[in-house]
Amino acid sequence: MKKKQVGFVDARVPKLKSSYPKISKANQIVLISGLAKLGYEKLIPFFIEGLKAKQWIIRSESSKALVEIGKPAVSELKALIHKGTREQSFWSFSALGQILGDKALEAFIKVANSPETPEEIRIHALSGIKKVGSDKAIPYLIRSLSSELWALRAQAASALVDFGDQVVDHLFECLDSKDQNRRYWALQALEKVVTSKDLRRLEDCLGSRDKELRFYAIQALSKIASSEAITMISQCFCDQSWLIQKHACERLIEIGEASIKPIVQLLEEHGTDED
């Protein structure tokens with residue numbers, strides 16, 4: 001920021017703090033967005049206060065402003081983790097993850113793994129890991145699918161989905177796990193990241209004796225919804241489980257018109273009961 005701009009802002013910070021609560025919410029958002037572009041350290045306390053605003057958009061814009069300021073805001077953001085409000089704690093992890101990047105991972109993982117740390121803060125730490133966005137977090141997120149906390153397992157699965165095809169191999173490996181939680185959440189994530197490149201692996205899942213695995217393989221195939229994927233789902237009408245047959249039918253109905261041709265071909269190849 002130029003020297004003239006610094007002087008201008010410095011002279012108006014006290015007035016800004018006193019008048020800000022009195023202006024409309026729309027103008028507050030405009031003001032925060034404008035001030036965020038300055039990246040000015042003396043506005044850190046102002047934006048810190050914004051992290052506990054009632055409106056999500058103001059908390060979000062205040063967080064963006066602190067990310068824009070960068071490293072000078074780190075110490076105050078760290079202090080909010082345990083001493084701030086619930087909203088400030090959450091947004092501090094989010095901002096720190098973006099400011100520090102990979103450097104934040106070790107500390108965030110330590111917090112998320114600590115049984116002594118309040119559950120809510122552990123969940124916030126995992127959301128911070130998600131904001132880091134580094135593939136170095138993938139092994140930790142995979143382990144978190146086995147967490148004793150449902151919310152951490154759900155957050156980890158959501159974070160893994162954001163990595164797309166980078167996590168496909170990791171998630172398929174989880175299917176052999178004896179840990180039911182890890183397996184379940186891996187299946188939940190897998191159906192959202194598989195592509196047509198994974199058809200053969202999903203076909204193997206359809207041949208498994210494990211009903212749950214077959215169920216989620218159908219779910220994943222319905223997301224791909226290619227002609228070959230639809231054909232694979234159609235073949236599940238012959239599955240020994242009525243539940244799998246029903247699930248296959250419902251997914252094809254969900255796909256819609258694109259499923260008609262493969263189903264007709266299947267009927268022509270195998271005939272009908274009347275034959």
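**Figure 1. Helices α4 and α6 cross in a right-handed sense.** The model shown is predicted. Helix α4 covers residues 56-69 and helix α6 covers residues 86-100. Their axes come within 9 Å and cross at roughly 35°.

**Figure 2. Residues of α4 meet residues of α6.** On the α4 side, the residues in contact are Trp56, Arg59, Ser60, Ser63, Leu66 and Val67. On the α6 side, they are Glu87, Trp91, Ser94, Ala95, Gln98 and Ile99. Sorted by type, the residues of this contact are six nonpolar, four polar and two charged. Arg and Glu count as charged, so Arg59 of α4 and Glu87 of α6 make up the charged pair in that division.

**Figure 3. The structure holds one cavity of 30 Å³ or more.** The search behind this result took in the whole structure. The space in the largest cavity is about 50 Å³. Its lining is made up of Phe172, Leu175, Leu187, Leu190, Glu191, Leu202, Cys205, Leu213, Tyr216, Ala217 and Ala220.

**Figure 4. Three helices each give two or more residues to the lining of the largest cavity.** These elements are α12 (180-193), α13 (199-206) and α14 (211-224). Helix α14 provides the largest share of the lining, four residues.

**Figure 5. The lining of the largest cavity has 10 nonpolar residues and one charged residue.** No polar residue is part of this lining. Glu counts as charged, so the charged residue here is Glu191. Among the nonpolar lining residues are Phe172, Cys205 and Tyr216, because Phe, Cys and Tyr count as nonpolar.

Key. Residues are numbered from 1 along each chain as its sequence is written. This is a predicted model: local features need pLDDT of at least 70, side-chain atom pairs count only at pLDDT 80 or more; totals for chains, interfaces and linings use all residues. Side-chain values use heavy atoms; hydrogens and water are left out. Axes are lines fitted to C-alpha atoms, for helices over the stretch in contact, and angles run from 0 to 180 degrees between N-to-C directions. A crossing is left-handed if the near helix is turned anticlockwise from the far one by less than a right angle, and right-handed if clockwise. Contact means heavy atoms within 4.5 Å. On a 1 Å grid over the protein atoms alone, a cavity is a set of points where a 1.4 Å probe fits but cannot get out, and a pocket is an open set with protein on both sides within 12 Å along at least five of seven lines; lining residues have an atom within 4 Å of a point. Grid points are joined across faces, edges and corners, and a volume is the space filled by probe spheres set on the points.
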